[in-house]
Protein chains: 2
Amino acid sequence: MKSVERHNKIVEIVLENGRMSIADICKMFQVSEMTARRDLNALDRQGLLRRIHGGAIANLGRSYEPSFQTRTFKNQSKKMAIGLKAAELIYDGDSVALDVGTTTLEIVAGLRGKRNLTIITSCLQIATRVVDQLSLDTDVRLVLTGGIIRPRELSMIGPIPEHVYQDLHVDKAFIGIGGISLEDGLTEYNIEDTQIKRMLIRSAHEKIVVADGSKFGMTTFASVAPLTAVDKIVTDNSAPAEIVEQIRKQGVEVILADAD
Amino acid sequence: MKSVERHNKIVEIVLENGRMSIADICKMFQVSEMTARRDLNALDRQGLLRRIHGGAIANLGRSYEPSFQTRTFKNQSKKMAIGLKAAELIYDGDSVALDVGTTTLEIVAGLRGKRNLTIITSCLQIATRVVDQLSLDTDVRLVLTGGIIRPRELSMIGPIPEHVYQDLHVDKAFIGIGGISLEDGLTEYNIEDTQIKRMLIRSAHEKIVVADGSKFGMTTFASVAPLTAVDKIVTDNSAPAEIVEQIRKQGVEVILADAD
DNA sequence: ACAATCGAACAAAAAAATTGTATCATATAA
DNA sequence: TTATATGATACAATTTTTTTGTTCGATTGT
C-alpha cells in the first residue's frame with residue numbers, strides 16, 4: 001500500500017466515522033505511531049481533517065459545506081461513473097456549461113475524443129483540467145466566466161459571472177447540487193451559488209443536474225429551483241428508488257449510472 | 001548538476017544558437033549519448049525544442065511568439081529578479097492588475113506577507129499560482145476576468161475581459177510587453193493582447209511595465225501604447241544603458257533589478 | 001502529577017529517478 | 001546501394017528522493 005492510498009483511506013474513514021485515533025491507524029495499516037502522526041498532520045495541513053490530541057476528527061461544522069478538496073473524496077467512484085454517463089449526453093459541436101462541483105469535474109474525463117466543443121465554466125479546477133486533458137487532442141473552446149475566486153472552492157462568484165451567463169446561451173448545462181428533495185426541490189449550501197446556478201439554468205436549452213445518490217432526500221440551506229425546472233438528473237444506482245420514482249412522475253428524466 | 005538544470009541550459013542554448021547536437025551536450029555536461037538523447041526527446045515532447053537527427057533545433061518560426069512554457073525559460077533568473085523588485089512597489093491594501101506574462105508571473109512570489117491585496121488577472125497561470133502560494137497565508141482577494149482561453153497561452157481574451165477591465169479600477173497595473181523601443185513605444189506579438197493591455201493601462205492609476213533587458217530596442221508586431229503612457233518600467237541591469245537613459249529623459253521612471 | 005501524546009532529529013529502508021552500457025534497428029550521406 | 005552515424009529498447013547500476021521507524025526530551029490533557 002502506498003502512502004497516498006493510506007491517506008485517502010484515512011480521510012474516508014474520518015469523514016465516515018467522524019474521528020480516528022493514532023492507534024486505529026497503527027492497527028489498521030500496520031505502521032508506526034510516528035507515521036500515523038505524520039499522516040494526520042499532513043492531512044490537517046491540506047485541510048482534509050482536523051488534528052486533535054491522539055487522533056483526528058472531521059473538520060466539518062454540521063451546517064458548513066466541506067471544502068472542495070474534501071468533497072472530492074466523498075463517493076469518488078460514484079461521481080466518476082456519473083460524470084462519464086453525463087458526458088454521453090454531450091455531442092460533437094455542443095456548447096456546454098459546467099457548473100462548479102466535484103461531480104461536474106468528472107464530466108471532463110468523458111469528453112475525450114469529442115469534437116468542436118465549447119465549454120463554459122466558472123470553476124478553476126475544471127478549467128485547469130480541461131487545459132491539461134483536452135486542449136491538446138481535442139479542438140475545444142474553453143471560456144471562463146471570471147469573477148471573484150473563493151479560495152477554498154476555486155469557483156468564481158459575484159457580478160462578473162452572473163453578467164457573463166446572462167449574455168451566453170448554451171446547448172446544455174450540467175449543474176451540481178447540494179440537495180434534491182421532493183418537498184424543497186434543488187437546494188445549495190451557499191446563497192452566492194444559487195444565483196449562479198439559476199442563471200445557468202436560465203441560459204441553457206437543456207438543463208441537466210448531476211448528483212450522487214447521497215444528495216437525494218437532502219435539503220440544504222438555500223433554494224435554487226423546483227425540481228421541474230430541469231430536464232434530466234444523472235445519478236448513480238445508490239439513489240433511493242422511491243424518490244427517483246416520484247421525480248420521474250413529475251416529468252423529470254432520471255438517468256442511473258452504474259457505480260461499481 | 002541536476003537533470004532539470006541541464007534541461008534548462010539545453011533549452012537556453014538551443015534558443016540562443018538555434019541548434020545543438022548530441023555531441024555538444026555530451027561534451028558540455030559530461031554525460032553519455034543516451035542521456036543526451038533522452039534529454040532532447042523529453043524536451044521535444046514538452047514542445048520546448050524540435051528534435052532532429054543528431055541533435056535539436058529551436059522550434060520557433062521567426063515571426064511567431066514562442067509558447068508560454070518556452071518563454072518561461074528565457075531569462076528566468078532575470079525575470080525572477082524583476083518580479084521581486086516589482087512586488088516591492090505593491091503595498092498592503094493595494095488593488096493590482098497582473099497582466100499575462102512570464103515576468104508578471106514572477107511578481108506573485110514577491111507578494112508573500114503582504115496584507116489585504118486585491119489581485120486581478122486574466123492569466124490562468126497567475127491565478128493558479130496565487131491560489132497555491134498565497135491564499136492560505138495571505139488574505140488576498142483574487143479576481144479572474146474570464147474570457148476565451150488560448151490553450152498555449154493560458155491567458156484569456158475576447159469581449160469578456162475587456163468588458164471587465166472597463167468596469168474595474170486598480171491602484172497599480174503590471175504590464176508585460178513584447179518590445180520596448182524609443183521609436184515605436186510598447187509593442188506586442190498579438191493584436192488580441194494589445195487591446196487588453198490598453199484597457200489595463202486605462203483602468204490603472206499607476207501603470208508599470210515589467211520587461212527584461214532583452215526587450216529593449218525590440219519592436220514586435222502590434223503597437224500597444226507610447227512609452228509615455230506608463231509611469232514606470234521595471235527591468236534588469238542587462239537593459240541597454242543608452243536606451244534606459246533616453247526613456248528616463250522622457251519622464252518614465254526606470255527601475256533596475258539586480259539579476260545574479 | 002503522570003501517563004499519554006507529540007515533535008524533532010537521526011538512521012534505515014524502500015521507492016523512484018537518473019544514468020550508462022550493450023545490442024539491434026534505423027536513418028543519412030556518399 | 002553500402003558504410004557509418006544515429007536512434008531506440010532493454011536491462012543493470014547508480015544516485016536521489018521519499019517513506020518509515022526509533023529514540024528521546026518536551027508538551028498536553030485529565
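**Close-up views of a predicted protein–DNA model**

**View 1. Residues around DNA strand D.** In this predicted model, 18 residues surround DNA strand D, and those that come nearest are A:Arg6, A:Thr35, A:Arg38, B:Arg51 and B:Gly54. Sorted by character, the residues of the surface near DNA strand D comprise 5 nonpolar, 8 polar and 5 charged. Seen from the side of the DNA, 58% of the atoms of strand D within 4 Å of the protein belong to sugar or phosphate, while the rest belong to bases.

**View 2. Phosphate oxygens of DNA strand D and their polar partners.** In chain A, an N or O atom in the side chain of A:Thr35 is 2.5 Å from a phosphate oxygen of DNA strand D, and a polar backbone atom of A:Ser32 is 2.7 Å from a phosphate oxygen of that strand. In chain B, the side chain of B:Asn41 has an N or O atom 3.2 Å from a phosphate oxygen of DNA strand D. The elements giving two or more residues to the surface near this DNA strand are α1 (3–17) and α3 (33–45) of chain A, together with α3 (33–45) and β2 (50–52) of chain B.

**View 3. A sheet of chain B.** Three strands of chain B form an open sheet in the order β10-β11-β13, and the pairing is antiparallel. Because β10 (179–181) and β13 (222–225) of chain B stand at the edges with a single partner strand each, one side of each is left without a neighbour in the sheet. Neighbouring strands of this sheet are turned by 35 degrees against each other on average, when direction is ignored. Strand β11 (residues 185–188) of chain B pairs with β13(B) in the antiparallel sense over 3 bridges, and B:Leu186 has B:Ala225 as its bridge partner in β13(B).

**View 4. Helix α9 of chain B against the sheet.** Helix α9 of chain B, which spans residues 191–203, lies across β11 and β13 of chain B, and the helix runs at about 5 degrees to β13(B).

**View 5. How chains A and B are related.** A turn of 179 degrees, with a shift of 0.7 Å along the axis, lays chain B on chain A with an RMSD of 0.7 Å. That is the relation of a two-fold axis. Among the residues of chain B, B:Gly146 comes closest to the rotation axis, with its C-alpha at 1.6 Å. Because 100% of the interface residues of chain B are also interface residues in chain A, the copies meet through the same surface.

Definitions and conventions
Residues numbered from 1 in each chain as written. Chains lettered and ligands numbered in written order. Predicted model: local features only at pLDDT ≥ 70, side-chain atom pairs only at ≥ 80, totals over all residues. Heavy atoms only, no water. Pairing = 2+ DSSP bridges. Helix = DSSP H or I, 4+ residues; strand = E, 2+ residues; numbered from the N terminus. Axes fitted to C-alpha atoms, helices over the stretch in contact; angles between N-to-C directions. Contact = heavy atoms within 4.5 Å. Near = heavy atom within 4 Å. Polar contact = N/O pair within 3.5 Å; in protein donor to acceptor, adjacent residues only side chain to side chain. Nonpolar A, V, L, I, M, F, W, Y, C, P; charged D, E, K, R; others polar. Least-squares fit on C-alpha atoms with pLDDT ≥ 70 in both.
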